[in-house]
Amino acid sequence: MINKSLSTVVDIPLETIRRIVCEAGIRDDILSIGEPVAWVVQSYKIMLANHRTLLLQFCHQNFSDQAFVESRVSAIEMLRQIGIPQPAVLSYASDDAEYGLRYMLSEDHAGTQLFHRHPNTDSMQRVKMYRAVAEAYGKIHGVKNDWAGIWDGKPDKRKYSIHPSQFYYGAEIQNGSNRQLFDHKMITSGTYERICAAWESNLDFLVDREVSLAHVNSFPWNIRIANDDENYAVLGVSGIEFMWWDPMYDVANLLYPPFMDITQDERNAFLGSYGHPLNERAIGLYRLLNRILALANCFMAPVADEQGDRWVSEHIHELDLILAEIS
C-alpha cells in the first residue's frame, strides 16, 4: 500500500496523558493506557478503574491548526442536536501552548464498528444495519447550508474560499493519489488522463450541487452500531471531519465502501430509508474519487497490510469500470 506518511507515531510521555486526564476532573485511577493508533490524529484508549474507557486524541501539528479541534467539537455538538449520539467531550485544547500538541479528551464510543459487525451477521441483519445507517445519514444530510467548505472552528465560519470539489480536483485528481497510482505503475497514463478529464468536465456540475452537512469520513469503520432483538441503531460516528459539502459524497462512500463488500439488497435498504433525492452522476464521480483515495491508502482502514494489498489488487480494475459508467 502506498501512503504511510499519515500514520507516523509521535512520542508522547505517559505522564502528559495522565495529567490531561487528571486536569479534566477525572479522579478514578488509570488502569491502562493503550498503544497509540495514528492517522492524522494520534489516539489512545484509556481504561479507568471503574471500567470506564476514555479516548484521547492528539492532533499532529502538520495536519492541524486551532480550528481543527474547534471544528470537531462544533460537529459533535451539531450531531447531538439532530439526534446522532456522540460521546461527551471532557476537555480539549485548540492550541499547543501547554502540551506542545492540540488534543481532545472524550468518553469512548459506544457500539461496535459496522466494519467489524458486518461480516459476522447474516444477510437479513445486514439489511437492517443499512436501514439504520440510512436513517442516521438522512438526519445528517437534512442539515443544509448555502456554501460548501471547511469550517473555521464554527459551522457558520468558512475557512477557505475554495469549493471542496475544486480542492480535490487539484489535490487528488491532477496530483496526489491519482498521480501516485500512475507513478507506481498501478494505472496507465491513459487511465490517469481519463480520470482527470472526467472530473474536469464535471467540475462546474459538482460545484453547483446542493450543500448539506457531510461526514466525509463516512466509512464503515467510522460508524458505530448496536441492536436489540429486532432493530439496529447508529450509536455514533467517528472520524469527525465534518464540513459543508455535497451529501452524495457520503452516499457514494456508504453504497460503495472501500475494503468491505455489500450486496444490492443492502444498497436497496439504504435507498429505501435514506429519505433524500439521489443523483447518480454525482455518486459516480465521488465513487471514482473514493476508489482513487482508497487505492492510494489515504483512509485509515482497520486491515492488515496483506489484506489491504489484496483488496487493492482486486479493485484497481474498478477505475476503468467506473469511468465507463460515468462517461
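Where in the chain is the place of K185? K185 sits in the loop between α6 (176-183) and α7 (189-207). Keep in mind as you look around that this is a predicted model. Below is a quick tour: two residues with unusual backbone angles, then salt bridges, a pocket, a surface patch and two pairs of residues to find by eye.

**Backbone angles to look up**

- Most residues other than glycine have a negative phi.
- K185 goes the other way: its phi is positive, at about 60°, although K185 is not a glycine.
- K185 has a relative accessible area of 74%, so it counts as exposed, the cut-off for that being over 50%.
- H51 is another non-glycine residue with a positive phi, about 70° in this case.
- You'll find H51 in the loop between β3 (41-48) and β4 (53-59).
- H51 is exposed too, with a relative accessible area of 64%.

**Salt bridges**

- How many salt bridges does the count come to? The count comes to 13.
- Take E98 and R19: they form a salt bridge in which the closest N and O atoms are 2.9 Å apart.
- E98 lies in the loop between β5 (89-93) and β6 (102-107) while R19 is in helix α1, so this pair ties together parts that are 79 residues apart in sequence.
- Both ends of this bridge are partly exposed: E98 has a relative accessible area of 48%, and R19 has 37%.
- Next, look at E241 and R72, whose side chains meet in a salt bridge at 2.5 Å, N to O.
- Because E241 is in the loop between β10 (232-237) and β11 (243-245) and R72 is in helix α2 (residues 66-81), the pair ties together parts that are 169 residues apart in sequence.
- Are the two partners here buried or partly exposed? E241 is partly exposed at 24% relative accessibility, whereas R72 is buried at 6%.

**A salt bridge that belongs to a network**

- The side chains of E318 and R291 also meet in a salt bridge, at 3.1 Å from N to O.
- This pair links distant parts of the chain, with E318 in helix α12 (residues 318-326) and R291 in helix α10 (residues 280-295), 27 residues apart.
- Zoom out a little and you'll see that salt bridges with shared partners join R287, R291, E318 and E325 into one network.
- Under 20% relative accessible area means buried, so E318, at 8%, falls in that class.
- R291 is buried as well, at 5% relative accessibility.

**The second largest pocket**

- Rolling a probe the size of a water molecule over the atoms shows where empty space is left.
- The second largest pocket holds about 170 Å³ of space.
- Its lining is made by F115, F259, M260, D261, V303, Q307, R310, W311, E314 and H315.
- Which helix gives the largest share of that lining? Helix α11 (residues 305-315) does, with five residues.
- Sorted by type, the lining has five nonpolar, two polar and three charged residues.

**A nonpolar patch on the surface**

- I150, Y160, I162 and F167 make a nonpolar surface patch of about 370 Å².
- To find F167, go to helix α5 (residues 164-174).
- F167 is partly exposed, with a relative accessible area of 44%.

**Two pairs to track down**

- L14 is in helix α1 (residues 14-23), and L14 is partly exposed, with a relative accessible area of 44%.
- From L14 to I33 is 19 residues in sequence, and their C-alpha atoms are 8.1 Å apart in space.
- S218 is in the loop between β8 (212-214) and β9 (223-227).
- Is S218 buried or exposed? At 0% relative accessibility, S218 counts as buried.
- S218 and V237 are 19 residues apart along the chain, with 8.2 Å separating their C-alpha atoms.

Notes. Residues numbered from 1 in each chain as written. Predicted model: local features only at pLDDT ≥ 70, side-chain atom pairs only at ≥ 80, totals over all residues. Heavy atoms only, no water. Patch = residues over 30% accessible without salt bridge, like charges linked within 9 Å, V, L, I, M, F, W, Y side chains within 5 Å. Areas by Shrake-Rupley, 256 points an atom, 1.4 Å probe, with all protein chains shown as cover. Salt bridge = Lys/Arg side-chain N within 4 Å of Asp/Glu carboxyl O. Helix = DSSP H or I, 4+ residues; strand = E, 2+ residues; numbered from the N terminus. Buried < 20%, exposed > 50% of the residue type's maximum accessible area, 1.4 Å probe, protein only. 1 Å grid on protein atoms, 1.4 Å probe; cavity = no way out; pocket = protein on both sides within 12 Å on 5 of 7 lines; lining within 4 Å. Points joined across faces, edges and corners; volume = space filled by probe spheres on them. Nonpolar A, V, L, I, M, F, W, Y, C, P; charged D, E, K, R; others polar.
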